[in-house]
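Welcome! Here is a short tour for anyone opening this structure for the first time. Take a look at the sequence and the model, then read on.

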Amino acid sequence: MSKWNLIIKVGRCENCQNCVIAARDEHVGNDFPGYAAPAAANADSPIRILRRVQGDSHMVETTYLPVMCNHCDEAPCMRAGGGAIRKRADGIVIIDPEKARGRKDIVKACPYKAIVWNEELQLPQIWIFDAHLLDQGWPQPRCQQSCPTDVFETVKLDDGAMAEKALREGLKVLRPKLGTKPRVWYGGLERWETCFIGGSVSAQVEDVVECVTGATAALYVGNQKIAETVSDDFGDFRFDGLAKDGGGYRVEIRHALGRAWRNCELGESVYLGEVRLFPSANGTGGA
Amino acid sequence: MRWFAEGRRKDLPEPAPLPSQFSEKFGMGLQTPSGKLEFVPELLKRHTADNPERPPLNRYIPSWEGLRSDLARRYPLQLIATHSRYSFHTHCDGKNSSVNSIDDHRALIGGHRFGLLRLNPTDADIRGIGHRDLVKVHNGRGAVICAADVSPLVSAGAVKSYEASAEFQLIEIEGERVEIGGCMNMLTPDRPQTAGTSSMSPNSCLVQVEKWRGAEAFMLGPAA
C-alpha cells in the first residue's frame, strides 16, 4: 500500500511564508466535510516556519524550518484522542471535526505543537496534508504548489520504499527518539541541528591589515585534531557539522605570515571574529 | 548604447520619440546638452548651483540625520525602514488580512498585532530587551510601540522595521501618547533625502529604543 510522505529540503526555505498563506487561504472559512471544519482567521497557523540564526556578523547564517502536522504512524494525538482521530490507509491523520469538538486536551498531546485550537468551533485542527485535494487527484498539497524555491516534495510510496529513499538521501524526521514515526521528512536537517565554529584570518602586512587567504586552520578537542580547513579569499574559515553543546574546542591557525590560536566553548555556533596572525619566532610560521 | 558608441543614429524603439530631447540632429548623440556622456552634468551645473545637496560632481555628503549628527547623542540608533516583505506597502497589511498573522510581519502580543523592530543582541542586552518584548521606538517626532525581534541579522547601532503600515492607532497611557499600529512613518523625516528632489528618506532617521511595559499594561490602556 503506497502512502503519502512529505519531504522538506531545509536549506531551500527562505521564509516567504507562501505555504503558510496558502494553507490559510485553503481552510479559513472553508468547510471540507469529512476532512476539516473551517479554520478560524485568528487561530494559529497549522504550518509554521521556525527560524535559527547562527554566528554573528559577518559570518551569520539563518535557517528556516517549515513545521506542520507530521502525520505520525505512532501518533501521540491518536492515543489521546481515542475515536476522535483516525489514520487513513494512505497514512494521513484526520481529526474528526464532529467527534473532536471540545477536545482541547488533544492540542497538548502533540509533542511537535502542530495542533492548533479553533476557539470559535471548539476544535483541535491540523494541516491535513490537503487530503481533500489529493483525493481529487492533486499530485501535491498547496504548500508545495505555492513554494517558489522547491522546498517540498510529495511522494506516495510504500513504507519500505520510503525507508530506502530516506536512507539513500539522508532524510531524517524531527525528534526521532519520541518514536512517533513521522511521515514528514527533512533533507539537510544538519543545518538545523549542528553548529559551526568560524573566524576571519588577518595579518599586518607593512602598514595594511590584509585578509589572509590559504591559512591552515586546525580544530582540536584536547590534544586531538578533529578537523582541518583552509581560509578562503576573505580570510574566512569554518568548521561545520559540530554537535550543539559540544564543549571546549581549540582552533590553531598557521600561515607563512604568522600563527594564532583561540579557545572557545561551543553551546550554539561561534563566530570568533577577526583572528590576527602574529609572526612566529622562527619567522616562517611553520609548525 | 552600441548605437552611440559607433556614432550611429539611435536605432532603438521608443514609445514616444521626442526630437526636442536631442541638441543637434534628432536621434544623434545622447540627450544631454553636449550630446555626449557628461561626468559633470551640464544640467546640474545650470540648475542646482544654489543647492549644496546636488553638486554636479558626486561627492560624499555626511548624513543630515545619521550616526555622526549631534542628534545621535540623544537618539543613538539608526532606523532603517524598508519596504515590507509580506505586504505590498499597506496592501494586505492590517485590515484583518491573513498576512497579519505571519509572525515575521506582525507579532501577536496581548491580543494586538504589533509591527516588528529588528535589533542586534548587543543593543537589546544593554537595554534589557528580550525577543518579542514590547519596545518603545521614539525620537522628537513621536513614539511607536513595536515588538522586538532580536538577532544578529542587524548590525549593532542599527535597527530595522518596515516602512508601511495600514494601521494608525494613537493611544494614551498615563499621559504618554504612543502609536501602536506600527506606523514608523511617524518617526521618519518629512524632508526628501536630497533637497529639491522627490526622494523619501525612511533610512535617515535616528531613534532611541527602550523596553516598554508588558502587554498587561497595554491591555489596560485602551480600556481606560
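How many bridges join strand 1 of chain A to strand 9 of chain A? There are 4 of them, and the two strands, with strand 1 covering residues 3–9, run parallel. Please keep in mind that this is a predicted model. The points below start with that part of chain A, then turn to chain B and to the place where the chains touch.

**A sheet in chain A**

- Strand 1 belongs to an open sheet of 3 strands in chain A, and the order of the sheet is 8-1-9.
- The pairing in this sheet is mixed, with the parallel run of strand 1 and strand 9 of chain A as one part of it.
- At the edges you will find strand 8 (152–157) and strand 9 (184–187) of chain A, each of which pairs on one side only.
- On average, neighbouring strands of the sheet are turned by 25 degrees against each other, if direction is ignored.
- To see one pairing up close, look for I8(A), whose bridge partner in strand 9 of chain A is Y186(A).

**A helix across the sheet**

- Helix 6 of chain A, made of residues 159–169, lies across strand 1, strand 8 and strand 9 of chain A.
- Relative to strand 8 of chain A, this helix runs at about 140 degrees.

**The build of chain B**

- Chain B contains 4 helices and 9 strands.
- If you follow chain B along its sequence, the pattern reads α-α-β-β-β-α-β-β-β-β-β-β-α.
- With a radius of gyration of 24 Å, well over the 17 Å that the globule rule gives for 224 residues, chain B is more spread out than a compact globule.
- The C-alpha trace of chain B spans about 70 × 40 × 30 Å along its principal axes.
- Of the 224 residues in chain B, 29% are buried.
- Among contacts in chain B with a separation of 6 or more, 59% are between residues 24 or more positions apart.

**Domains of chain B**

- The domain assignment divides chain B into domain 1 (15–61) and domain 2 (70–223).
- Between the C-alpha centres of domain 1 and domain 2 of chain B there is a distance of 40 Å.

**Where the chains meet**

- Chain B brings 11 residues into contact with 14 residues of chain A.
- Sorted by class, the side of chain B that touches chain A has 5 nonpolar, 5 polar and 1 charged residues.

Note on methods: Residues numbered from 1 in each chain as written. Chains lettered and ligands numbered in written order. Predicted model: local features only at pLDDT ≥ 70, side-chain atom pairs only at ≥ 80, totals over all residues. Contact = placed C-beta atoms within 7 Å. Nonpolar A, V, L, I, M, F, W, Y, C, P; charged D, E, K, R; others polar. Pairing = 2+ DSSP bridges. Axes fitted to C-alpha atoms, helices over the stretch in contact; angles between N-to-C directions. Rg over C-alpha atoms; globule rule 2.2 N^0.38 Å. Buried ≥ 20, exposed ≤ 12 C-beta atoms within 10 Å, placed from the backbone. Domains from an automatic or database assignment.
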